2 protein chains.
Amino acid sequence: MASIKDVAAEAGVSVATVSRVLNDHPSVSADARTRVLAAVETLGYRPNAVARSLRTDQTHTLGLVISDVLNPYFTELARSVEEEARALGYSVIIGNADERPDLQDHHVRNLLDRRIDGLLVSPTDGGSPLMLDAVRAGTPMVFVDRWIPGVDVPVVRADGRAAVRDLVAHLHGLGHRRLAIIAGPAATTTGRERVEAFREALSAYGLDLPDAYIGQGDFQADSGRRVTEGFLDLPEPPEVVFAADNLMALGALDAVRARGLRVPDDIALAAFDDIRWFVHTDPPVTAVAQPTGELGRAAVRALVARIEGRPGESVTLPARLVVRRSCGEAPSAVPPLSPVRRSTS
Amino acid sequence: MASIKDVAAEAGVSVATVSRVLNDHPSVSADARTRVLAAVETLGYRPNAVARSLRTDQTHTLGLVISDVLNPYFTELARSVEEEARALGYSVIIGNADERPDLQDHHVRNLLDRRIDGLLVSPTDGGSPLMLDAVRAGTPMVFVDRWIPGVDVPVVRADGRAAVRDLVAHLHGLGHRRLAIIAGPAATTTGRERVEAFREALSAYGLDLPDAYIGQGDFQADSGRRVTEGFLDLPEPPEVVFAADNLMALGALDAVRARGLRVPDDIALAAFDDIRWFVHTDPPVTAVAQPTGELGRAAVRALVARIEGRPGESVTLPARLVVRRSCGEAPSAVPPLSPVRRSTS
DNA sequence: CCCATCTGTGTAATCGATTCCACAAGGAGG
DNA sequence: CCTCCTTGTGGAATCGATTACACAGATGGG
């Protein structure tokens with residue numbers, strides 16, 4: 001592969017001049033410039049990003065450590081992050097932690113070793129020493145979706161409180177009184193917050209959230225299945241199950257289906273995180289939708305601001321409730337759909 | 001951030017010795033080794049991967065250019081690729097081409113500039129000059145899922161022929177005779193092959209695949225919706241729609257639902273690529289399942305073999321049919337489920 | 001006792017870029 | 001005509017690692 005020396009030789013100039021042309025430094029003669037450009041063309045030269053990074057101490061790369069690539073929420077987040085980063089001249093390296101703190105550390109360490117310019121993290125746990133050290137060492141960092149309390153790092157996230165209140169209002173309006181939640185790991189902020197928001201919303205209706213109705217999940221489908229089975233085995237099972245993420249909702253659907261029960265007739269279901277498939281599940285699932293794309297973009301903007309020495313503030317955007325049929329009768333005033341539909345066919 | 005010089009100073013040895021300890025070169029005294037290790041510890045030293053890469057001309061990084069991160073198939077592929085790569089001591093940088101040749105080129109160029117050790121590509125098109133140049137220049141490369149004919153690069157993919165034959169047999173057995181397909185882009189091998197496999201399987205039953213029943217999609221949901229609307233507008237609409245990927249199947253579901261029609265009563269649906277949500281859609285969707293995880297792992301093994309100078313062969317694994325209810329009555333001999341279910345509740 | 005061999009270590013070249021500094025040539029002003 | 005600037009260019013240091021080579025000191029065989 002051709003190096004800057006080859007280009008210099010071909011153009012009959014020094015490497016310094018080639019470098020100046022490539023970084024369009026002002027003091028280069030028109031003549032030298034065209035000769036260099038021609039040499040670049042004939043040799044098919046591309047600057048070595050590794051060498052450049054070593055010298056300039058910048059990689060123009062952001063690291064993104066997410067908790068689970070198989071979760072459509074994070075996948076969408078990753079996509080918007082990459083898009084915004086590309087628009088700002090940065091590349092993104094994604095690390096998938098699979099909700100495992102050790103894997104998360106592996107990726108953080110790897111990204112740091114590669115001297116990425118900044119780190120976007122959705123922490124799987126309360127913060128490993130490694131990550132705290134990185135913050136202390138001054139690595140530009142931004143938390144997205146989840147964060148670690150007590151660490152001075154901007155946080156970009158959605159506030160689901162209002163949407164969860166709307167959800168509980170909706171459920172209460174449908175006559176449901178025994179509401180249960182499949183919680184995320186207590187080590188994550190989203191794991192705790194969603195339970196808290198749910199509990200607060202319930203108490204506004206004088207409803208309680210007994211321990212038996214708080215199932216401990218880990219944001220993965222299997223845990224949703226397991227917890228839901230536990231709920232169904234209770235002497236008095238809940239009337240509604242609220243899954244704190246979409247994968248646990250999937251697991252809950254699996255469990256309900258395995259018992260030959262039906263949603264929402266036998267048990268209602270709602271989920272945090274809206275995904276496209278929820279429109280077509282049986283039944284369509286009521287969910288709290290986050291402005292995922294906007295979160296990703298805001299996170300990148302905040303991180304790049306930090307990298308370039310500007311402030312870079314935290315951002316909180318509201319989530320909103322999307323009502324579908326998984327909690328009971330159709331929400332709006334339209335007549336029940338099924339009979340109408342059949343007559344159409 | 002501490003460099004190897006700082007470690008050398010702290011340990012009272014030369015940088016060469018530090019390097020030797022770090023790469024456990026045999027000829028280092030036990031004394032020097034412990035002093036270096038202690039210095040590494042106190043300084044929290046981590047080798048600079050950028051500098052190391054420049055010197056050794058290896059980045060221990062693979063590039064993966066996929067067509068669409070939002071497609072669960074590719075997401076799963078990416079995950080297995082990263083896992084296997086990690087097991088073999090490599091990191092992965094993912095580039096999302098979004099089915100756009102220009103973006104694909106952007107990522108290939110970017111990855112090449114970063115001097116990745118090898119490239120895993122699922123090409124969006126017939127092969128840009130850039131990619132062909134890279135192959136010619138000797139960049140270790142492996143195609144996964146899709147490939148470019150006439151290019152000497154190992155291909156790791158699934159063969160769906162048998163599964164598509166099974167699908168057509170299943171559909172024929174259910175009495176369907178007018179079968180349509182939502183094809184992928186003709187520029188992709190999977191786009192063409194799936195249509196061909198479908199046509200061949202049909203002809204075995206004396207069935208024809210008229211042009212009106214071949215809709216041109218682009219592997220994205222919107223195109224699935226658009227094509228399906230076209231099918232439904234036909235004077236004689238098909239009885240079955242086979243979507244060449246899961247996102248177009250999602251679009252098809254959207255279109256059918258928007259018309260107030262039902263699957264499979266009004267029109268049957270099948271898809272290439274099985275995803276977890278197909279179990280819970282209304283109705284559960286019959287699909288051709290690829291051994292995605294195994295494909296990803298095999299692709300990485302082939303690529304790493306090439307990188308390390310070993311042969312690295314092509315791999316073709318069979319896909320298989322997963323029958324659900326979206327094409328008509330339950331496949332097995334069990335009695336119809338719905339009434340039984342209701343009685344359980 | 002001498003020379004060959006082996007061990008452990010340091011010096012310095014190297015990878016491919018960027019950039020400081022020196023300097024030559026040319027133009028402007030006195 | 002001499003100085004002072006400006007402009008364009010090249011030489012060389014530098015980033016942080018790896019590694020070829022030289023070499024000092026210890027060891028061992030004849």
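Select DNA strand C and the 26 residues around it (a residue counts if one of its heavy atoms lies within 4 Å). Ile4(A), Ser19(A), Asn48(A), Arg55(A) and Arg20(B) come nearest. Of the strand C atoms that come within 4 Å of the protein, 57% belong to sugar and phosphate. This is a predicted model: local features need pLDDT of at least 70 and side-chain atom pairs pLDDT 80 or more, while totals for chains, interfaces and linings use all residues. Residues are numbered from 1 along each chain as its sequence is written, chains are lettered from A and ligands numbered from 1 in written order, and side-chain values use heavy atoms, without hydrogens and water.

Next, show Asn48(A), where a polar backbone atom is 2.6 Å from a phosphate oxygen of DNA strand C. Then go to chain B: a side-chain N or O atom of Arg20(B) is 2.5 Å from a base oxygen of strand C, and one of Arg55(B) is 2.9 Å from a base oxygen.

Colour H4(A) (49–56), which gives five residues, the largest share of the surface near strand C. Helices (H or I, at least four residues) and strands (E, at least two) are DSSP runs numbered from the N terminus.

Now move to strand S9(A), residues 268–272. Five of its five residues are buried (under 20% relative accessible area, 1.4 Å probe, protein chains only), so S9(A) is largely enclosed by the rest of the structure. Ala268(A), Ala270(A) and Phe272(A) point one way, Leu269(A) and Ala271(A) the other.

Finally, add S8(A), residues 240–243, which pairs with S9(A) in the parallel sense over four bridges (pairing requires at least two DSSP bridges). Ala271(A) is the bridge partner of Ala243(A).

Definitions and conventions:
Buried < 20%, exposed > 50% of the residue type's maximum accessible area, 1.4 Å probe, protein only. Polar contact = N/O pair within 3.5 Å; in protein donor to acceptor, adjacent residues only side chain to side chain.
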